[in-house]
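Hi there,

Here is the structure I promised to pass on. Have a look at it first, and then read on for my notes.

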Amino acid sequence: MLKEYHTLVCLPDEQGIAQAAELLRTGELVAIPTETVYGLAANALDADAAAKIYRAKGRPQDNPLIVHIDSLEMLDGLVTEFPEAARRCAERFWPGPLTMVLPKSKKIPAATSGGLDTVGIRMPANETARKVIGAAGVPLAAPSANVSGRPSPTTAAHVFTDLAGRIPLIVDGGACAIGVESTVICFEGERVRILRPGFVSAEELAEVVPAVVIDSGVTEKLPEQARVRSPGMKYRHYSPRADVIIIDGQKDAFIRYVRAHAAEDNLCCLAPAAWQAALPCPVIDFGADAVQEANRLFDALRETDRRGFAKAYAVCPPKTGVGLAVYNRLLRAAGFHVVCVSEKRATKLPGCAVVGLTGQSGAGKTTVSRCFAEHGFGVIDADLVAREVTEDGSDCNRALAGEFPSAFREGYVLDRRALGRIVFGDREKLDRLEQMIYPFINTRITEKIRGFASSGRRFVLLDAPTLFEAGADRFCDCVVCVVADEEKRRERIFARDGLSDEEITKRFSSQKDAAFYTARAEFVIENNADTAALVEKSAAVEQKIRELFDEPREEKAQGSAAPADPGSADLSGQSADSQTGAEHII
Ligand code: TXA
Ligand code: MG
């Protein structure tokens with residue numbers, strides 16, 4: 001049973017510090033401010049006191065605690081090794097937001113080290129923290145003073161919200177100066193490995209030690225069974241109740257994305273306050289640079305809860321310097337949900353918006369493309385473009401013939417089957433082919449977009465199965481993807497192309513999964529029902545796109561007339577042509 005406390009909040013004055021020290025000496029818990037976040041402190045040498053921390057926070061037993069010291073003397077006897085690289089780091093960064101993982105001595109109980117034979121040591125810079133450690137006279141184990149899984153606390157009020165009734169005392173030292181937790185490192189010889197990024201950046205560490213590596217767990221989701229060097233990295237973390245989604249892209253792309261999703265319920269953004277005027281939902285100020293973002297992050301996440309938002313779109317912090325620490329925390333708060341909106345994407349042609357259309361085979365792109373065409377969109381079919389650029393004797397064929405001579409006949413005539421035999425099943429050769437052919441295709445696409453724009457088209461649809469892989473999303477103002485369950489796609493491809501199960505499996509194996517598309521596209525159309533439902537969904541998305549670009553729908557009749565642009569005359573047959581590779585939905 002958890003003991004119930006009447007939680008007091010005291011000032012960081014002499015009396016408050018004496019009260020905190022007394023409680024700590026008698027094996028109790030006290031929340032204290034540090035320069036990073038508030039810590040929930042206990043005597044690090046007392047196994048029972050350390051065990052209370054896990055209970056109060058609801059923290060998994062195998063997640064080790066950081067031990068806080070106020071001087072190098074206090075380090076004596078706590079660790080069995082203190083390598084040269086650690087000494088240099090201490091000289092440069094202590095006191096400060098750096099935690100070093102070192103081999104522990106027997107003095108540190110297993111309860112403190114989470115059963116590991118190492119211990120994380122940090123000498124905080126915050127005056128109050130140092131005074132409390134000094135007055136208690138023992139090293140203090142202190143994880144962040146939040147309930148496990150919640151955003152870390154950067155004010156005494158945050159601590160009170162999470163832990164009132166579970167601990168006797170909170171020392172209120174005001175808002176934390178930095179706002180994200182310390183950098184956690186371990187040593188591999190002279191080399192330093194960053195287990196958790198923090199205010200002390202990889203770049204700064206590299207000034208002191210010969211080599212710095214950033215552990216893959218910092219920005220990647222670890223597989224279930226992975227051996228974890230820093231146990232804290234594997235848990236769901238920093239999460240408010242709202243769904244957090246990171247939108248990775250520049251300001252314009254961010255704003256466009258959120259505007260496209262404005263109809264969603266109870267939405268907010270974590271973005272610079274100055275963007276409010278351009279955004280359709282409340283903005284929680286996330287600051288304008290990485291240092292401010294570090295400072296604001298946890299309070300901003302908690303504010304989504306205080307105000308009851310259901311969803312928060314967050315700008316993506318830079319992935320360098322202290323930005324990496326913010327990104328690492330935000331990734332976990334978002335459960336690794338990141339949408340990449342291309343940075344280069346933005347209308348470069350005044351008056352003409354380009355919409356990308358992509359997705360897996362059998363998902364239903366062709367039907368969607370036909371709907372858009374009927375409503376006046378100029379359509380560019382990337383598969384057709386690929387055929388055009390590889391016509392007999394083309395520059396592209398000349399370039400490819402140098403690399404794949406056996407796929408060409410006299411006069412640079414491409415033998416498609418021969419080329420297929422060379423590249424399918426050989427990832428490296430396929431990559432090489434794509435690298436060579438995409439620039440030719442993209443140049444032709446640009447010409448076609450210009451052609452449509454100069455003939456007065458307001459909207460162009462670029463239908464490309466490998467839109468993202470080819471980098472052609474950079475031509476688009478927004479992207480629509482069509483996805484469908486594998487069984488549905490199989491049925492459709494079977495009915496359309498008469499391929500065997502095995503052939504379909506082979507085709508699927510070279511394609512990306514649905515998540516690849518949904519993580520990158522502004523609009524997702526799920527097509528698991530019939531064509532009528534798909535047509536309806538297409539129309540709804542088209543409507544949203546028009547609203548996005550402030551354009552009412554054009555009359556249907558207008559759409560069927562091909563634009564007077566010679567460069568795109570060859571597109572007229574795009575909507576019903578099985579040799580082109582364009583898809584048909586049954
Ligand atoms: O800034 C901070 O470090 C704050 C303040 C209060 O000092 N403390 C803090 O503690 O963030 P906590 O427990 O929330 O995070 C400790 C992190 C966890 O990710 C844990 O896995 C890692 O440090 N860690 C601690 N000891 C370790 C060890 N021996 N080996 C590997 N990782 C360790
Ligand atoms: Mg923590």
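At the start of H10, which backbone nitrogen does a side-chain oxygen of Asp-289 reach? In this predicted model, the partner is the backbone nitrogen of Val-291, and the oxygen comes to within 3.1 Å of that atom.

Let me stay with H10 for a moment. The helix covers residues 290–306, 17 residues in total, and spans 24 Å from first C-alpha to last, close to the 24 Å expected. Even so, H10 has a kink of about 45°, centred on Arg-296. Most of the helix is covered, with 12 of its 17 residues buried; among them are Leu-297, Phe-298 and Leu-301, and also charged-type names you may want to look up, including Glu-293, Asp-299 and Arg-302. The cover includes helices H7 and H11 and strands S12, S13, S14 and S15. After H10 comes Gly-308, with a positive phi near 70°.

Now for the sheet. It is open and mixed, with 11 strands in the order S1-S8-S2-S3-S7-S4-S6-S5-S9-S10-S11. S1 and S11 are the edge strands, each pairing on one side only. Further in, S5 (98–103) and S9 (183–188) run parallel and share four bridges, and Met-100 stands opposite Ile-185 of S9.

Two helices are worth a look here too. H2 (47–57) packs on the sheet, touching S3 and S7, and its direction makes about 155° with that of S3. H1 (14–25) lies across S1, S2, S3, S7 and S8, at about 135° to S8.

Best wishes

Methods. Residues are numbered from 1 along each chain as its sequence is written. Chains are lettered from A and ligands numbered from 1 in the order in which they are written. This is a predicted model: local features need pLDDT of at least 70, side-chain atom pairs count only at pLDDT 80 or more; totals for chains, interfaces and linings use all residues. Side-chain values use heavy atoms; hydrogens and water are left out. The expected span of a helix is 1.5 Å times one less than its number of residues. The bend at a residue is the angle between axes fitted to the seven residues ending there and the seven starting there. Buried means under 20% relative accessible area, exposed over 50%, partly exposed in between (1.4 Å probe, protein chains only). Contact means heavy atoms within 4.5 Å. A polar contact is a pair of N or O atoms within 3.5 Å; within protein, one must be able to donate a hydrogen and the other to accept it, and residues adjacent in sequence count only if both atoms are side-chain atoms. Two strands pair if DSSP finds at least two bridges between them. Axes are lines fitted to C-alpha atoms, for helices over the stretch in contact, and angles run from 0 to 180 degrees between N-to-C directions.
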